[in-house]
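Work through the exercises below with the sequence and the model side by side. Try each task before you read its solution.

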Amino acid sequence: MNLLKNYKWTLLIISVFLGSLFLLIEYAYQKEVPISEKEAVFTGNVSGFVNDSIVENSVIVLKAVVSSIKAKEIVLENSISIQYDNSENKNFKAVNLGDLITVKGIYLGYDDLFEEYKLINCILLNDE
Amino acid sequence: MKFKLLFFLLFSVTLVSAQKYGTRSGKTSFIGSEETFEQIKAVNNVSTAIVDSSNGDIAILLFVSAFKFEIALMEEHFNENYMESSIYPKATFVGNIRNFKLEEISYSEKDYQVVGVLTIRGVEKPTTLNGQIEKTKDGFSLQTNFSVLTSDFDIRIPKVVRNKISKEINIKTDYELVEKL
């Protein structure tokens, strides 16, 4: 009887341990939520963005005119550089100088070297 | 600190007006552990660098939170516990590529020394980077490979993970600089 009781306790402890380990691995290896599914804290144009005090690493939606394109480096209205992952290559390839585009991305911060704001992981929502 | 920031800004503005080569998508990566089950490594593909081709002055800036890890939890710990990226969002290097002459750069790789000040977590440290420069189609590439000590930048590593994280972090940069961005 005592042996059976010990056996049950051992089984319970092992189950709890394995369950916790599984949850920990799930948490550690969780996939990043795609930008498209993240909620934007700001939606608007460049002047609205510059005048708003947006916290770094926030997701924003920005509508602006393309002022420069060099390979994968796109600048909007001479003040915001946007960068995108390879998975967005096809969409951004169609973007031309002077296009009014709407992008969603992560606002990284102000780049003192280039004197511009930096958006990364951008996705193209609209290209006019 | 304010004076140094002003110097940094003036330096960058001066570079912008000079003949410059630069990148907004430089690759900076590091390995912070030995070969373990899950190696601590990350890459930042949005590093910024500008080189004044007339004298070899160089400035590099990267956002710490832009380092991407394979494991989300590692990235969270890196930003919140070790680098405190909300307090110290940027890491910079300001210096000079010794004996840099644009006209001497060729399609065969050449060794250079880059001497300057590396700033991580607000701590400044004179640093010499060994690098290679090679001509590319639209400019030149700059690759460096160097190591820093976590203790030099006041990065505190808890005892429990001390045997997993190296005291010395190996950093590699790979920047393709193009003329007049």
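The exercises go from the whole model to single residues.

This is a predicted model, in which local features need pLDDT of at least 70, side-chain atom pairs count only at pLDDT 80 or more, and totals for chains, interfaces and linings use all residues. Residues are numbered from 1 along each chain as its sequence is written, and chains are lettered from A and ligands numbered from 1 in the order in which they are written.

**Exercise 1. Confidence**

Task: State the scores of the model and the mean pLDDT of chain B.

Solution. Start with the model scores: ipTM is 0.81 and pTM is 0.83. Next, take pLDDT, the predictor's confidence in each residue, from 0 to 100. Its mean over chain B is 87. In that chain, 87% of the residues reach 70 or more.

**Exercise 2. The layout of chain A**

Task: List the elements of chain A and decide whether the chain is a compact globule or more spread out.

Solution. Count the elements, where helices (H or I, at least four residues) and strands (E, at least two) are DSSP runs, numbered from the N terminus. Chain A has three helices and six strands. From the N terminus, their order is α-β-α-β-β-β-α-β-β. Now turn to the radius of gyration, taken over C-alpha atoms, and the globule rule, 2.2 Å times the number of residues to the power 0.38. The rule gives 14 Å for 128 residues, but chain A has 23 Å, so the chain is more spread out than a compact globule. Its C-alpha trace spans about 80 × 30 × 25 Å along the principal axes.

**Exercise 3. The layout of chain B**

Task: Describe the elements of chain B and give its share of buried residues.

Solution. Chain B holds two helices and nine strands. Their pattern along the sequence is α-β-β-β-β-α-β-β-β-β-β. For burial, count other C-beta atoms within 10 Å of a residue's own: buried means 20 or more, exposed 12 or fewer, and partly exposed in between, with C-beta atoms placed from the backbone. Of the 181 residues in chain B, 34% are buried. In chain A, the buried share is 22% of 128 residues.

**Exercise 4. Strand E3 of chain B**

Task: Explain why E3(B) is largely enclosed, and find its strand partners.

Solution. E3(B) covers residues 57-63, and seven of the seven are buried, so the rest of the structure largely encloses this strand. Check each face. One side has B:Asp57, B:Ala59, B:Leu61 and B:Phe63, and the other has B:Ile58, B:Ile60 and B:Leu62. Now look for pairing, which requires at least two DSSP bridges between two strands. E2(B), residues 41-52, runs antiparallel to E3(B) and is joined to it by four bridges. B:Thr48 has B:Leu61 as its bridge partner. E5(B), residues 90-97, pairs with E3(B) over seven bridges, also in the antiparallel sense. Here B:Asp57 is matched with B:Asn96.

**Exercise 5. Contact and core**

Task: Identify what chain B brings to its contact with chain A, then find the largest nonpolar core.

Solution. Use this contact rule: C-beta atoms, placed from the backbone, lie within 7 Å. The contact takes 19 residues from chain B and 20 residues from chain A. On the side of chain B, elements giving two or more residues include H1, E1 and E3. That side has 14 nonpolar residues, four polar and one charged. Here Ala, Val, Leu, Ile, Met, Phe, Trp, Tyr, Cys and Pro count as nonpolar, Asp, Glu, Lys and Arg as charged, and the others, Gly among them, as polar.

Now the core: a set of buried Ala, Val, Leu, Ile, Met, Phe, Trp, Tyr and Cys residues joined through C-beta atoms within 7 Å. The largest one has 54 residues, and A:Ile82 and A:Leu119 have the most contacts inside it. E3(B) gives the most to this core, with six residues.

**Exercise 6. Two asparagines**

Task: Which is buried and which is partly exposed, A:Asn57 or A:Asn121?

Solution. A:Asn57 lies in the loop between H2 and E2 of chain A. A:Asn57 has 17 other C-beta atoms within 10 Å, so this residue is partly exposed. A:Asn121 sits in strand E6 of chain A. A:Asn121 has 21 C-beta neighbours inside 10 Å, so this residue is buried. Finally, check phi. The angle is positive at about 70° for A:Asn57 and at about 55° for A:Asn121. Most residues other than glycine have a negative phi.

How values were computed:
Contact = placed C-beta atoms within 7 Å.
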